[in-house]
Amino acid sequence: MKLFQQLLVAPAALGLMAPMAANAADLDIKGVSDYSASSEQVTSISQFQDVYPTDWAYQALSNLIERYGCVAGYPSGSYLGNRAMTRFEAAALLNACLDRITEVTDELRRLLNEFEQELAILKGRVDGLEARVGELEATQFSTTTKLVGQTSFVIGANTYGGDADDIHGKDRDEQAANASGATVFNYDMRLELNTSFTGKDLLKTRLRAGNFAESPFGSNGYVGLSAMEVAFGESGDENEVTVDRLWYQFPLGEEFTATIGGMVRQDNMLAVWPSNYPAETIIDFFTYAGAPGAYSLTKGGGAGIWWDDNDSGWSISASYVSANADNGNPNRKDGVNGQVGGIGTDAAASNGTAQIAYADERWGVAAAYSYTSGDNGAGLYAGNGTPLAVQAAGMGTTNSYGLSAWWAPEETGWFPSISAGWGYNDVNDNDDSAVFESATSQSWYVGLQWQDAFIEGNVLGAAVGQPTFVTDVDYDDNDHGDENVADGNYAFELWYKFQVTDNISVTPAIFYLSRPLGELTDGGGHFHGNDDDTFNNFGGLVRTTFKF
């Protein structure tokens, strides 16, 4: 019961406890006089020498004294709590407390009058906010889903040089210019629906569209290595909105996370992506942490699990994906790339990956192993290897290994963050249907990135490396002999990201590919290239990104 209610009830209670009439002989007139004569107000319960914390009314008396200041004692410094209370003493106590409450009420009334205008404005704003919240609740798409979007515009062109001839004896640079030398304008659009039912899980749905099917910046261009990471719409679905991701991720206890989906990519099931580079993607090869074989980014139906110890920084990931998991025919067709489909079947385009990583706040290292059935369509594609390396990977199963590391300075400045990676691939023809019996290939890169370069919010980036190239080949016949493989090549990119607003960035970029066709640079024979023949690709573009 609140104080004011107690004060209202007190007279009635006292009336029941005392006789309706009292004569002068029944009253302790001296006691009342002593109580009312004590004009010195008590400010702390400790001033009473006969009140102890063990007393049953100790807390109530303390509140009356310290919160309301309306309790007085006797001149002797005593409260005499066990002494009977006369009606006169009750009236004196009640009067003192009512006076105190009246003072508080008057002060509140004065403050309300003084800030009447401000309070009216505040009330109007609260009413407006309540109305807007009600409108949003009535019209919102979902209480569990958030929409995130990104659209990229790419304007650019390529130029080609060198003295190599194609298979018809024509200059490669002229043929490349005729096929992919025009200035192009392409787009990539991504709409993501991120849904959480518990606050700890995630249902990811990504819708995507693009028009890179005939673009030199897509994997179908004359030079596959000039493909960009944002290239989409290359598989006959140009300008069509398709489901690009569909997977569900949820925790298992405190340290395990599981992922399963009908359209999930290998990297969606890794606890750690082993690179700081790049903040803005340009050439696709530089987005694979230096090991496109181990981090093939195979996409399809699959599942994975990872263990992540936040206290130690260590994590272990394991996953499986089949790129043709949606096809129910498990019978593999004869010949190279003769797959049909399934999960874990002979025809499945399978990718199994295991990764162990250590990630600190500013640096980390990761090692990965990946098994890929390239002969069923999984693994390398034109955007991350030479034509010979991609062809070799598609002729059998591949065991790939990747080692990557990254480091970032404590503060932004002239010293960049550094990311580096190396990959090794061992390909074997399992059914003697390919030209190769076996082949090995490698790749590596180093990426540098300066945060807040020149202007706060802007980013400068540069990378150099060798996209996947064949280092050794064993043929199934003797027609090719034991000739050396001249598949080496280099790639370089340089870009600067202008952060125009929080949601818009503009990134001009240039790149150079020293020998993007590798062993097949000269067209005199299928595997008889000459490392003296030259063919190179220089490109420039401007990428504008809108995020919403």
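# A tour of a patch, two cavities and a pocket

Begin by selecting β14 (491-499) and β15 (504-513): each of these strands supplies at least two residues of the nonpolar patch. Keep in mind as you look around that this is a predicted model.

**Stop 1: the nonpolar patch**

Now add the whole patch to your selection: F415, I418, V446, V464, F492, L494, I510, Y512 and F538. Together these residues make a nonpolar surface patch of about 700 Å².

Pick out V464 from that group. You will find V464 in strand β13, which covers residues 459-475. Is V464 buried, partly exposed or exposed? V464 counts as partly exposed, because its relative accessibility is 34%, and partly exposed covers the range between under 20% for buried and over 50% for exposed.

**Stop 2: the largest cavity**

Next, let's go looking for empty space. Rolling a probe the size of a water molecule over the atoms shows where such space is left. How many cavities of 30 Å³ or more does the structure hold? There are two.

Start with the largest cavity, which has a volume of about 120 Å³. Its lining is made of 19 residues, and the ones closest to its centre are L380, A393, T398, N425 and V427. Select those five to centre your view on the cavity.

Then colour four elements: α7 (387-393), β10 (397-407), β11 (417-428) and β12 (436-451). Each of them supplies at least two residues of the lining of the largest cavity. Which classes of residue would you meet along this lining? Nine are nonpolar and ten are polar, while no charged residues appear.

**Stop 3: the second largest cavity**

Leave β11 and β12 coloured and select A392, M395, V427, N428, D429, F436, E437, S438 and A439. These residues line the second largest cavity, whose volume is about 30 Å³. Two elements, β11 and β12, give two or more residues to this lining. Which of the elements gives the most? That is β12, with four residues.

By class, the lining of the second largest cavity has five nonpolar, two polar and two charged residues. Notice that V427 is listed among the residues closest to the centre of the largest cavity and is also part of the lining here.

**Stop 4: the second largest pocket**

Now move to the second largest pocket, with a volume of about 1000 Å³. Of the 48 residues in its lining, select the ones closest to its centre: E234, S235, L297, K299 and Y381.

Five elements are worth colouring here, since each gives two or more residues to the lining: β3 (202-210), β4 (242-252), β5 (256-265), β6 (299-308) and α7. The largest share, four residues, comes from β4. The lining of this pocket has 16 nonpolar, 21 polar and eleven charged residues.

**Stop 5: two loops**

Finish with a pair of loops. Select A57, which is found in the loop between α2 (29-37) and α3 (58-68). With a relative accessibility of 29%, A57 counts as partly exposed. Add G81 and compare C-alpha atoms: A57 and G81 are 24 residues apart in sequence and 9.1 Å apart in space.

Your last residue is L80, in the loop between α3 and α4 (87-114). L80 counts as partly exposed too, at 38% relative accessibility. Add Q49, 31 residues away along the chain from L80, and you will see their C-alpha atoms separated by 9.5 Å.

Note on methods:
Residues numbered from 1 in each chain as written. Predicted model: local features only at pLDDT ≥ 70, side-chain atom pairs only at ≥ 80, totals over all residues. Heavy atoms only, no water. Patch = residues over 30% accessible without salt bridge, like charges linked within 9 Å, V, L, I, M, F, W, Y side chains within 5 Å. Areas by Shrake-Rupley, 256 points an atom, 1.4 Å probe, with all protein chains shown as cover. Salt bridge = Lys/Arg side-chain N within 4 Å of Asp/Glu carboxyl O. Buried < 20%, exposed > 50% of the residue type's maximum accessible area, 1.4 Å probe, protein only. 1 Å grid on protein atoms, 1.4 Å probe; cavity = no way out; pocket = protein on both sides within 12 Å on 5 of 7 lines; lining within 4 Å. Points joined across faces, edges and corners; volume = space filled by probe spheres on them. Nonpolar A, V, L, I, M, F, W, Y, C, P; charged D, E, K, R; others polar.
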